[in-house]
Amino acid sequence: MNRLKLFIPLIVFAVLAVFLGVGLKNDPSELPSALIGKPLPEFSLPNLLNKSQMVSDKDFHGKPYLLNVWATWCPSCRSEHPFLLELKKRGITIVGVDYKDEDAAAKEWLNALGDPYAVNIVDADGKFGLDLGVYGAPETYVVDSKGIVQYRHVGVVDEQVWQQILAPLMQ
């Protein structure tokens, strides 16, 4: 019986190695979303540039768009920003969600770097982000003309992501 006790650490190590091996096969950028194929959660939030104007999910029905969750505290958002400006030049509608951010900092960011968004909504407390299942910024959702979420991309949107994943879904 004492000999069997010697193998317990080896067995524990083997079990942990199996779990680690399975975990390493998962791509952390492929975070599942419960919203795929479902309507975007309803919202009515203030417009960043005009706080007296409320913006609703219903304002965008009839045309596909990208919903981009961003913040000034997000370094990856800064690196994706120039490409979002390029998408705007190409005629792509992007709705910004300024996530858990300071209004003054967000306005300054858009003035300094350019504004790629058709409208920017303020999610100061993160409740809308919680409804979306946001893990952090940036996250971009493809929403079809009926308001149904078709895809969720976690991380920076660049030309490769656009061409290979998002553009085909915007058709």
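Helices (H or I, at least four residues) and strands (E, at least two) are DSSP runs, numbered from the N terminus. With that settled, welcome to the structure. It is a predicted model, in which local features need pLDDT of at least 70, side-chain atom pairs count only at pLDDT 80 or more, and totals for chains, interfaces and linings use all residues. Residues are numbered from 1 along each chain as its sequence is written, and side-chain values use heavy atoms, with hydrogens and water left out.

## The chain as a whole

The protein chain holds five helices and seven strands. Followed along the sequence, these elements come in the pattern α-β-β-β-α-β-α-β-α-β-β-α. Of its 171 residues, 42% are buried, where buried means under 20% relative accessible area, exposed over 50%, and partly exposed in between (1.4 Å probe, protein chains only). The accessible surface amounts to about 9900 Å², and carbon and sulfur atoms account for 60% of that surface; such areas come from the Shrake-Rupley method with a 1.4 Å probe, and for residues only the protein chains shown count as cover.

Contacts, meaning heavy atoms within 4.5 Å, also tell us about the fold. Among those between residues at least 6 apart in sequence, 71% join residues at least 24 apart.

## Helix α5

Helix α5 covers residues 159-170. A straight helix of 12 residues would span 16 Å at 1.5 Å a residue, yet α5 spans only 14 Å between its end C-alpha atoms. The expected span is 1.5 Å times one less than the number of residues.

Which residues of α5 are buried? They are V161, W162, L166, A167 and M170. Seen down the axis of α5, these buried residues fall within an arc of 130°, so they line one face of the helix. The arc is that of the directions from the helix axis to the C-beta atoms. As background, an α-helix has 3.6 residues a turn, so residues three or four places apart point the same way.

What do the buried residues of α5 pack against? Their partners are β3 (65-70), α2 (75-89), β6 (139-143) and β7 (149-154). At the start of α5, a side-chain oxygen of D158 comes to within 3.2 Å of the backbone nitrogen of Q160.

## The disulfide

A search of the whole structure turns up one disulfide, defined as a pair of cysteine sulfur atoms within 2.5 Å. C74 and C77 form this bond, with their sulfur atoms 2.4 Å apart. The torsion about their S-S bond is about 85°, so the disulfide is right-handed. Both C74 and C77 are buried.

## Some residues to visit

The table gathers five residues with their places and accessibilities.

| Residue | Place | Relative accessible area |
|---|---|---|
| V95 | strand β4 (residues 94-99) | 0%, buried |
| T93 | loop between α2 and β4 | 18%, buried |
| S56 | strand β2 (residues 50-56) | 18%, buried |
| K100 | loop between β4 and α3 | 43%, partly exposed |
| E108 | helix α3 (residues 103-113) | 59%, exposed |

Start with V95. Not counting residues up to four places away in sequence, V95 touches F60, Y65, L66, L67, N68, Y117 and V119. One of these partners, N68, is 27 residues from V95 along the chain, with 6.1 Å between their C-alpha atoms.

T93, leaving aside its neighbours within four places in sequence, is in contact with K63, P64, Y65, L66 and A118. The side chains of T93 and K63 also make a polar contact (3.1 Å). A polar contact is a pair of N or O atoms within 3.5 Å; within protein, one must be able to donate a hydrogen and the other to accept it, and residues adjacent in sequence count only if both atoms are side-chain atoms.

S56 reaches the backbone nitrogen of K58 with its side chain, at 3.1 Å. Beyond its neighbours within four places in sequence, S56 is in contact with F43 and S44. E108 and T72, 36 residues apart in sequence, are 9.4 Å apart in space, C-alpha to C-alpha.

## Two backbone details

Most residues other than glycine have a negative phi, and most peptide bonds are trans. K100 has a positive phi of about 45° although it is not a glycine. The peptide bond from A137 to P138 is cis, with omega near -5°, and P138 sits in the loop between α4 (127-132) and β6.
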